[in-house]
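Got your viewer open? Here's a short walk through the model, one selection at a time.

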Amino acid sequence: MFMAPAVAIMAVALIYPLGYMIWGSFRAWDPTQTIGEAEFVGLKNYITLWSDPNFRESLGVTLRFAFFCVTIEMVLGVGLALLLDRNIRGMSVLRTMFILPMMIAPVVVGLMWRYMYHPTVGTFNRFLERVGLSDVDWLGSHALTSVIIADIWQWTPFIFILALAALQSLPRSALEAARIDGATPWQQIIHIKLPLMMPVLIVTGLLRLIDSFKVLEVILVLTEGGPGLSTEILALRISRTATEFRELGVAAAMSNYLLIILMLLTVAMFAFTKFQEIRAARVRMAAEDDS
Amino acid sequence: MDRSHEKQNPAFYAVIALLVMMSVGPVILMFVNSFKLDVDIISGTSGLIFMPTIQNYETALCDILWYEPDHIDFCSLKFGGAFVNSLIIALISTVLTLVIGSMAAYALVRFRFFGRDTASITTLMVRMVPPAVLLVPVFGLWNNEFCFDRDGLIGGAIRDAFGGRGDVCLAGTHSGIILIYVAMNLPFVIWILQSFIVQVPRSLEEAARVDGAGPFQVFFKVILPLIKPGLAAAAIFTFRIAWNEYLLASALSDRNTKTVPILIVNNMSEFNVEWGVIMATGMLLAIPPIIFTLLASRQIITGMTAGAVKG
């Protein structure tokens, strides 16, 4: 009785649309038709996409974007967490400031960065001019890098907060023991802190990876996928195929490719957490056997 | 461990100052620019020496101002209307998600339909689905399938009442957008609230039941007040997504149900960007989340860490 509304809404607005999409991906479907009128074409949409250089380019851009964003964000976020894990006054204020970029609408983030990247009036090029360097064509020839920088700005704090939470829940005794044994700060980090944080870090990284496939608005506002296809990630291509080229069937097939990638990632993540649990349980069993 | 604050190296504070500047700087830059005239923004007399003006805000809000600003001939930017739409959609979807989600979470915890694992798998799965993937089916369904036939009983009544031609569909209505936001946010809310409901002692509920309270009374009068912190965290996350979302809203809304993000994107893609006005709109859109962040950063961090650490 308490469950009924939730189940009904998710069935109508999530499960049914996803099924509808999978069904639609086998049809030549344009927005003026209902799905029943669209012609059934089997796997044609998938095959066309697979041999479409634009789709491949877009897939490549997506993977590159996700890879660089997540790697750099993980390094920076974890590094900052290790650096700032101290008893300092005003830590909560600091954290509040750091989560600000995440809470602001992606559209607005895109807007701010588009201004800062502007070739003549933008903050960066003005600064470069003042120190006597030549302008950089941020959203032109370096578009992908610029987009990645904007994403790093917005999402590094996420990793930082989670890594900090993980750090602060580490068992104090292990750190204390290491300190007494004379481990240098670097040794403490490499041999104790990082291995102990690893489970949380991996989950965080995977979450961030999944999310980085969903980034769309920032890129839409910054570059609209251009110049050329250099920043057109898959999510953006799906929405353009659906709304500009009006090929819903192809867009649905593309969505399914994206879903398959994400599904693999999610399964990997789930398998990993399960694996962790089992290992933890085994360690606990072993400990009990010993005693 | 001593709880006193350690003395740190000055270089350390310099690093912190730099970090804060990097994370807050762009926001402040936008704030400052939203008070500048376009001439000032472009001419590059940068720094803080300029005449602050609220002209940009007047242009942005021209359709709901009670007076007519002198510098505007024609009010083209319908920001006020979009703002109201955004507010309606975000608020209603937040409230609905919380009510439905907390009920479902309660049922999952107390009556044990499925294990907690099922709930976390669903949450993960839904978190995985990008809005762009939902775009195609939702666009098709909302326009073609979720309609009342115009000759039918309900559809006819709605059409007579509100006018319009063709079938009455979900697309282009507030409820259409709200429905998809509720569905998108439900799993996360259910999952977060579960961990709070588990901590409510059973004896409290039994005491209430002995005193003659029905199941709904127990739920609304005993459980809900006890999980307020969880509700706050869940509310902020739901509101943020509904407030900031662009893609699905742009596919589902029509001229009258546009939300603020759509307005901003539409004004950005034009060749000649009016930076001052667009920054003012951006600032107005950013203000509610900023306020939430300042007031409830603790809850946000709780929600965020619960989302990953227990994942």
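Which side chain meets that of A:R208 in a salt bridge at 2.8 Å, N to O? Select A:R208 and A:E73: their side chains make that salt bridge. Keep in mind as you look around that this is a predicted model.

Now colour the helices these two sit in. A:R208 belongs to helix 9 (residues 185-212) of chain A and A:E73 to helix 3 (residues 53-84), so the pair ties together parts that are 135 residues apart in sequence. Both A:R208 and A:E73 are buried.

Stay on A:R208 and add A:D151. Here is another salt bridge, with the closest N and O atoms 3.0 Å apart. A:D151 lies in helix 7 (residues 143-168) of chain A, so its pairing with A:R208 in helix 9 ties together parts that are 57 residues apart in sequence. A:D151 is buried, and so is A:R208. Show A:E73, A:D151 and A:R208 together and you have a network of salt bridges.

Next, go to helix 8 (residues 172-180) of chain A and pick A:E176 and A:R179, which are three residues apart, about one turn of the helix. Their side chains meet in a salt bridge too, at 3.5 Å from N to O. Buried or exposed? A:E176 is partly exposed, with a relative accessible area of 34%, and A:R179 is also partly exposed, at 44%. Over all chains, the count of salt bridges comes to four.

Zoom out to take in chain A. You should find 12 helices and two strands, and 54% of its 291 residues count as buried.

Time for chain B. Select helix 1 (residues 10-33), which has 24 residues and reaches 32 Å from its first C-alpha to its last. Look along it to B:V24: the helix bends there by about 45°, and the proline B:P26 follows within four residues. Both B:V24 and B:P26 are among the buried residues of this helix.

For another kink, jump to helix 8 (residues 174-197) of chain B. This one is about 40°, at B:L186, shortly before the proline B:P187. The helix is mostly covered, with 21 of its 24 residues buried.

Last stop: helix 4 (residues 79-111) of chain B, where you'll find B:L96. B:L96 helps make a nonpolar surface patch of about 440 Å², along with B:V84, B:L87, B:I88, B:L91 and B:I92. In helix 4 you can also select B:S93, which counts as buried at 0% relative accessibility. A polar atom of the B:S93 side chain lies 3.2 Å from the backbone oxygen of B:A90.

Conventions:
Residues are numbered from 1 along each chain as its sequence is written. Chains are lettered from A and ligands numbered from 1 in the order in which they are written. This is a predicted model: local features need pLDDT of at least 70, side-chain atom pairs count only at pLDDT 80 or more; totals for chains, interfaces and linings use all residues. Side-chain values use heavy atoms; hydrogens and water are left out. The expected span of a helix is 1.5 Å times one less than its number of residues. The bend at a residue is the angle between axes fitted to the seven residues ending there and the seven starting there. Buried means under 20% relative accessible area, exposed over 50%, partly exposed in between (1.4 Å probe, protein chains only). Patches are made of residues with over 30% relative accessible area and no salt bridge: like charges are joined within 9 Å, nonpolar side chains (Val, Leu, Ile, Met, Phe, Trp, Tyr) within 5 Å. Accessible areas come from the Shrake-Rupley method with a 1.4 Å probe; for residues, only the protein chains shown count as cover. A polar contact is a pair of N or O atoms within 3.5 Å; within protein, one must be able to donate a hydrogen and the other to accept it, and residues adjacent in sequence count only if both atoms are side-chain atoms.
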